[in-house]
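Subject: Structure handover

Hello,

Here is the structure I promised to pass on. Please open it alongside this message.

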Amino acid sequence: ARLVVLVSGSGSNLQALLDAAADPAYGARVVAVGADRDGIAGLDRAAAAGVPTFVDRVQDHPTRADWDKALTAHVAEHRPDLVISAGFLKLVGPHFLAAFGDRYLNTHNTLLPAFPGIHGPRDALAYGVKVTGATLFFVDAGMDTGPIVAQVAVPVLNDDDEEALTERIKEAERLQLVEQVGRLVREGWTITGRKVTVP
Ligand code: GRF
């Protein structure tokens, strides 16, 4: 299966997929990596693995809708079976969702629907929850609201600060991402309303 991965930052989730895909038995390979900005480690990781990259910056387009169309076209060129947002810090628009809405995954660093948005672990700490985790879901038009594929729980420890909790979540998140993407590409999936079924 063909994976296109979208990144905005360090790309550690991308790296986990690149490493897993080195084994042909995994059943998927990363055919391209896209970003919304230059100069990020995620693009360097792709280049180091010999994977083609593209960058679509919102500010290079007259409107957000134009950006959405350009991103959609770039992703489509690589004919993905799955598109994976791995720390991609942009909400895609209707054009993208029309093309990839049933095969666009995102990984979020809390147990949704609690603490959506870009400061999930910080918000979870501030609330005082004792368990949080990571959620893999299919993206819909909302922010962190789409049908859930899998979740993994991570304890909040007494002496956690935002950095320590964020890192502990990311370890579990990477394992979940690799395992579940492998399962999806090998088994297939259906989305019925909010329910994701893997046969
Ligand atoms: C992940 O924890 C994701 O949940 C959050 O950003 C992080 C991305 O990390 N939105 P990386 O770029 O894969 O290292």
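Below is what was found in it, from the overall fold to single residues.

One point before the details: this is a predicted model.

Overall fold

The protein has 6 helices and 9 strands. Its radius of gyration is 16 Å, close to the 16 Å that the globule rule gives for 199 residues, so the protein is as compact as a globular protein of that length. The C-alpha trace spans about 45 × 40 × 40 Å along its principal axes. Of the 199 residues, 38% are buried. Take the contacts with a separation of 6 or more: 63% of them join residues 24 or more positions apart.

Core

In soluble globular proteins, nonpolar side chains tend to be buried together. Here the largest nonpolar core holds 42 residues. Which of them touch the most other members? They are Val-5, Val-7, Leu-14, Leu-17, Val-30, Val-33 and Ile-84. Helix H1, residues 12–21, supplies the largest share of this core, with 6 residues.

Val-7 is a good place to start looking. Setting aside neighbours within four places in sequence, Val-7 contacts Leu-14 and Val-33, both among the core members just listed. Its other contacts are Ala-35, Ile-40, Gly-42, Ala-86, Gly-87 and Phe-88.

Ligand

The ligand is surrounded by 15 residues. The closest are Ser-10, Ser-12, Asn-13, Gly-87 and Asn-109. Gly-87 is also one of the contacts of Val-7. Two or more shell residues come from each of H1, strand E5 (104–108) and helix H6 (162–187). H1 gives the most, with 3 residues. So H1 needs a second look: it contributes to the shell around the ligand and gives the core its largest share. By class, the shell has 10 polar, 3 nonpolar and 2 charged residues.

Annotated positions

The UniProt record, an unreviewed entry, carries a "binding site" annotation. It covers Arg-64, Leu-89, Lys-90, Leu-91, Val-92 and Asn-106.

Two of these positions can be described further. Leu-89 sits in the loop between strand E4 (82–85) and helix H4 (94–100). Leu-89 has 13 C-beta neighbours inside 10 Å, so it counts as partly exposed. Beyond residues up to four places away in sequence, Leu-89 touches Ser-8, Asp-36 and Ile-118.

Lys-90 lies in the loop between E4 and H4 too. Lys-90 counts as partly exposed because it has 19 C-beta neighbours inside 10 Å; the cut-off for buried is 20 or more.

Backbone geometry

Most residues other than glycine have a negative phi, and most peptide bonds are trans. Three places are worth checking against that.

- Leu-112 and Pro-113 are joined by a cis peptide bond, with omega about 15°. Pro-113 lies in the loop between E5 and helix H5 (120–127).
- Phe-115 is not a glycine, yet its phi is positive, about 60°. Phe-115 is in the loop between E5 and H5. Why does Phe-115 count as buried? It has 22 C-beta neighbours inside 10 Å.
- Asp-144 also has a positive phi, near 60°, in a residue other than glycine. Its loop runs between strand E6 (131–138) and strand E7 (148–155). With 20 C-beta neighbours inside 10 Å, Asp-144 counts as buried.

Over to you.

Best wishes

How values were computed: Residues numbered from 1 in each chain as written. Predicted model: local features only at pLDDT ≥ 70, side-chain atom pairs only at ≥ 80, totals over all residues. Core = buried A, V, L, I, M, F, W, Y, C linked by C-beta atoms within 7 Å. Buried ≥ 20, exposed ≤ 12 C-beta atoms within 10 Å, placed from the backbone. Helix = DSSP H or I, 4+ residues; strand = E, 2+ residues; numbered from the N terminus. Contact = placed C-beta atoms within 7 Å. Near = placed C-beta within 6 Å. Nonpolar A, V, L, I, M, F, W, Y, C, P; charged D, E, K, R; others polar. Rg over C-alpha atoms; globule rule 2.2 N^0.38 Å. UniProt positions renumbered as here; feature names shortened; annotations may be inferred.
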